[in-house]
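Okay, thanks for making time, everyone. I'll walk you through one structure, going from the core outward to the charged pairs. Have a look at it first.

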Amino acid sequence: MTSPAEAGRFGWLRPDALAIVAGALLAAVAPLERFDYVARGLTASSLADAAPSAQVLLVTASPEALRDGLCARDLPGLLERGRARGALLIPPADAFCAGDALDGARGALDADRAAPVVRMPPGLLRLSAGEVVGFASPAGEERAAELGALGVSAAPWVLKKAPQSVPAVSLSALAEGQVPASALEGRVAVVGVGSGGVPPQAVATSALPPAKGVAAVLGGLLDGGRRASAPAWVPALFVLLAGGFVWLARRRHGSLVATAALFLATFALAAGQSALAARAEASLLPLPSTLFGLAVAFAGVMILRGIGIQRAVDRAAELIQRAALFRMQGVHTLRDEEFWPRVARLAEQAHPADLVLVAELPPGSWHLRFWNTERGGENLVAERRHDVRRPPYSSEQGVPAIRLARRFLTKQDMPAVVVPLIAFGEIEGYVFFCGPVAEATYSREPERAEHVGRELALLLRRKRLARTAQAVGAEARAGHAPTDDLVEGARVALDDLQLFGSMLRNAPVGLLYADAFGDVRFVAPAFAKWLRARDVAVPAESASSALPPGSLTLGDVLGATSAGSAAVSLSSVMASDDGIELSVSAPEPAVLSVRPLRRESDGSSWIAGYVAALIPVKQPAPVSGNVRPIAARDATDPLCAFQLGDVVADAVASAARATGRAVRLEPIRGATHALGHRGELGQVLEAFLTDVAGRGLPGHGPVVSVREAPHGVQLSILDVGFGLGLPESALQRVLTAPGAAPAGLEPLGRLILAVEDSHGHAELKTNDGWGITLTVTLLKAHPRVGVAPHEGGKPAAQQNVIAIGRASPK
């Protein structure tokens with residue numbers, strides 16, 4: 001079993017929490033790598049800078065100019081005169097601009113001051129959705145150093161310049177002087193193929209791909225637009241925070257607010273990506289993977305929780321259905337075919353009658369509808385119209401009232417007591433008590449029919465109002481869901497709980513219920529009154545007839561008794577399946593019975609609560625002083641045959657040891673088999689001898705003798721000092737009322753009582769100058785003794801014959 005500490009430690013291991021963690025891990029791993037790459041490229045492209053680039057100049061050459069060698073012949077000089085950083089040749093222009101002519105032209109110039117002219121390898125470009133988004137690492141290229149001099153470096157994604165923001169001129173315009181060469185100053189000339197004969201403002205759009213994209217990306221790169229992937233923990237942290245936000249919204253405000261929270265988190269992701277990408281280098285998130293992780297977290301919070309709720313609803317509905325046979329069903333849930341016969345049975349119990357008929361007055365109608373037709377019902381009624389505005393249902397003036405009808409039934413000699421069921425001024429129905437018994441009861445007790453009619457009318461009224469409210473609620477719902485059954489079951493359980501509280505309050509004996517924690521939840525008024533008399537503070541009941549937890553504990557109740565500490569008593573209750581019973585005396589004698597309520601499951605049982613009852617004990621009527629009540633005999637000391645001599649010998653020895661004085665025992669004469677209660681006789685005889693020996697004169701202890709007499713077994717006790725100074729009336733009182741012996745003679749009274757319980761009798765005889773002699777006579781017993789057969793094969797003696805003497809020699 002999981003301890004509370006372990007439960008708190010692993011409390012986050014729930015389906016919704018695990019789903020949020022799984023979503024964060026998916027966002028960190030980024031399983032949708034291909035889609036993440038495209039999303040990063042689109043993000044970089046969407047943030048293109050519209051400011052004019054001062055680092056790049058797009059130079060387009062028409063196919064005719066390239067075939068004439070214009071690029072290879074004039075490009076180095078233009079770069080030199082314009083003080084350009086260099087030129088980047090974009091395929092297929094590199095095939096015309098590069099070669100021997102270009103190398104010769106560059107050789108004619110100062111090699112140290114010559115701007116680098118580098119061909120753009122196709123593998124250096126990084127494309128996304130058909131557009132250039134960055135550059136791969138040029139480390140493996142032959143002219144990596146020259147590419148680096150132009151500013152081309154490894155950058156997966158670049159915030160490029162907008163195509164219209166990159167300046168563009170044609171190579172022919174530069175060569176012919178239409179555009180001054182100073183336009184190339186400090187810039188990288190991106191040379192690509194373009195259409196010829198276009199106006200200057202359309203030169204940029206006339207360039208063929210990928211020249212336009214390379215110029216835009218290189219411009220952004222040289223202006224600081226390098227971008228890279230964000231660290232893996234950034235999307236994971238976002239999914240954790242967003243998932244927790246959705247979970248909190250779902251828990252406090254429901255599914256609709258949680259869905260809105262999901263859309264808000266998605267919007268925050270897009271806005272945050274744009275804000276980060278515009279300012280930080282390592283800021284491009286794996287958006288598809290992050291959204292996928294967020295979707296997993298949302299599914300865990302919503303779907304798994306919804307599945308759990310649905311399972312709980314189904315389980316609750318199943319339990320409610322199983323408990324339907326054991327719960328107290330409301331009157332409005334019964335079908336009419338079951339409700340009205342039960343009303344008739346209730347009326348039969350409340351008012352004597354040979355036959356009881358019940359009839360319903362439907363709403364908006366004046367004609368009755370009879371039920372309980374199993375004994376004839378409506379066929380026994382002679383008046384067929386059933387109009388409540390006419391006699392016998394109403395008086396001649398049309399007023400409904402209780403009346404005795406003589407010719408209401410088809411049996412003319414059977415009278416009927418007509419009782420209208422009126423609640424709050426409206427007629428709910430009628431009940432008819434038929435037969436001479438009903439007539440005699442109505443004549444003797446007319447108020448009885450009135451009481452029964454009033455209670456039945458209220459019952460019918462409650463049923464009708466509950467049916468109406470149920471129908472209105474069904475129309476308002478406009479649909480049925482499993483939760484409706486759950487709500488209905490909860491309502492019925494609440495009704496049962498309120499009825500249970502009413503039962504406790506009106507119980508004729510004190511009742512109390514405590515939960516498994518020992519907190520008293522229900523207490524009857526009689527029990528509460530007893531607790532207040534014991535100075536125990538009992539709080540007032542709540543609206544649901546229940547006490548708040550902790551306001552009164554079972555330990556407080558047990559502590560109010562006089563049976564010891566509360567802790568020991570409560571542990572005794574826990575250890576016993578049958579509970580404990582405690583006797584209390586104030587303010588009135590009663591028995592407090594406390595029992596645990598145990599539940600069993602999977603072979604184990606536990607205490608689910610406690611129930612206590614305070615049962616008053618009626619005091620017996622006072623008896624006269626000379627009447628001794630008959631006490632219950634202990635089952636362990638039955639009436640049996642025993643050796644009286646052995647019992648007397650043990651009692652004499654015990655009395656001598658207890659007092660230190662001599663108690664003389666005369667030789668026992670006879671078998672002394674007696675009939676009686678051996679245990680009780682031994683105890684009271686020992687107590688009596690101890691008292692006599694302790695009170696006797698030194699050297700003059702009691703003398704005890706046992707012998708078998710013809711009329712029984714006699715025990716005689718002679719004490720020369722016991723009766724000195726005792727009047728004759730005192731001894732006579734002990735013999736007459738041994739249960740109320742005078743002070744100092746109680747041991748003698750108890751001995752006489754024990755002798756009488758064993759069907760014997762006692763005698764006291766005073767001897768002048770020689771003390772008192774107590775003679776006890778018990779019934780003689782004749783035990784049956786089995787005797788083994790002789791070796792010689794002679795028949796055995798009779799079983800009631802005891803062989804005495806020596807056996808004959810062989």
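**A walk through the chain**

Let me begin with Gln 273, which counts as buried at 2% relative accessibility. Before going on, please keep in mind that this is a predicted model. So where is this glutamine? Gln 273 sits in helix H13, residues 255-277. And what does the side chain of Gln 273 reach? The answer is the backbone nitrogen of Leu 285, at 2.7 Å. If we skip residues up to four places away in sequence, Gln 273 touches Thr 43, Ser 283, Leu 284, Leu 285 and Leu 287.

Okay, zooming out for a moment. The protein chain has 810 residues, and 39% of them count as buried. There are 25 helices and 27 strands in the protein chain. Taking contacts with a separation of 6 or more, 67% are between residues 24 or more positions apart. The exposed area of the protein chain is about 44200 Å², with carbon and sulfur atoms supplying 57% of it.

Here's another buried residue: Leu 748, with a relative accessible area of 2%. Leu 748 belongs to helix H25, residues 746-757. Leaving aside neighbours within four places in sequence, Leu 748 is in contact with Phe 688, Val 734, Leu 764 and Leu 774. Asp 691 is 57 residues away from Leu 748 along the chain, and their C-alpha atoms are separated by 9.1 Å.

Now for a leucine at the surface. Leu 25, in helix H2 (residues 15-29), is exposed, with a relative accessible area of 54%. Together with Val 21 and Leu 240, Leu 25 makes a nonpolar surface patch of about 250 Å².

**A sheet**

Next, an open sheet of five strands, with antiparallel pairing and the order E12-E11-E15-E14-E13. Which strands are at the edges? Those are E12 (369-370) and E13 (403-405), each pairing on one side only. E13 pairs with E14, residues 416-423, over three bridges in the antiparallel sense. There, Leu 404 stands opposite Val 417 in E14.

**Charged pairs**

On to salt bridges: searching the whole structure gives 19 of them. Let me pick a few. Lys 463 and Asp 336 meet through their side chains at 2.9 Å, N to O. Why is that pair worth a look? Lys 463 is in helix H17 (residues 446-477) and Asp 336 in helix H15 (residues 336-350), so the salt bridge ties together parts that are 127 residues apart in sequence. Lys 463 is buried too, with a relative accessible area of 7%.

Helix H15 also has a pair of its own: Glu 338 and Arg 342 both lie in it, four residues apart, about one turn of the helix. Their side chains meet in a salt bridge at 3.8 Å, N to O. Glu 338 is partly exposed at 34% relative accessible area, and Arg 342 is partly exposed at 41%.

Then there's Glu 439 with Arg 406, a salt bridge at 2.5 Å, N to O. Glu 439 is in helix H16 (residues 436-444) and Arg 406 in the loop between E13 and E14, so this pair ties together parts that are 33 residues apart in sequence. Is each partner buried or partly exposed? Glu 439 is buried, with a relative accessible area of 18%, while Arg 406 counts as partly exposed at 47%.

And last, a network of salt bridges links Glu 426, Glu 428, Arg 461 and Arg 464. That's my tour, thanks.

Key. Residues are numbered from 1 along each chain as its sequence is written. This is a predicted model: local features need pLDDT of at least 70, side-chain atom pairs count only at pLDDT 80 or more; totals for chains, interfaces and linings use all residues. Side-chain values use heavy atoms; hydrogens and water are left out. Patches are made of residues with over 30% relative accessible area and no salt bridge: like charges are joined within 9 Å, nonpolar side chains (Val, Leu, Ile, Met, Phe, Trp, Tyr) within 5 Å. Accessible areas come from the Shrake-Rupley method with a 1.4 Å probe; for residues, only the protein chains shown count as cover. A salt bridge is a side-chain nitrogen of Lys or Arg within 4 Å of a carboxyl oxygen of Asp or Glu. Helices (H or I, at least four residues) and strands (E, at least two) are DSSP runs, numbered from the N terminus. Buried means under 20% relative accessible area, exposed over 50%, partly exposed in between (1.4 Å probe, protein chains only). A polar contact is a pair of N or O atoms within 3.5 Å; within protein, one must be able to donate a hydrogen and the other to accept it, and residues adjacent in sequence count only if both atoms are side-chain atoms. Contact means heavy atoms within 4.5 Å. Two strands pair if DSSP finds at least two bridges between them.
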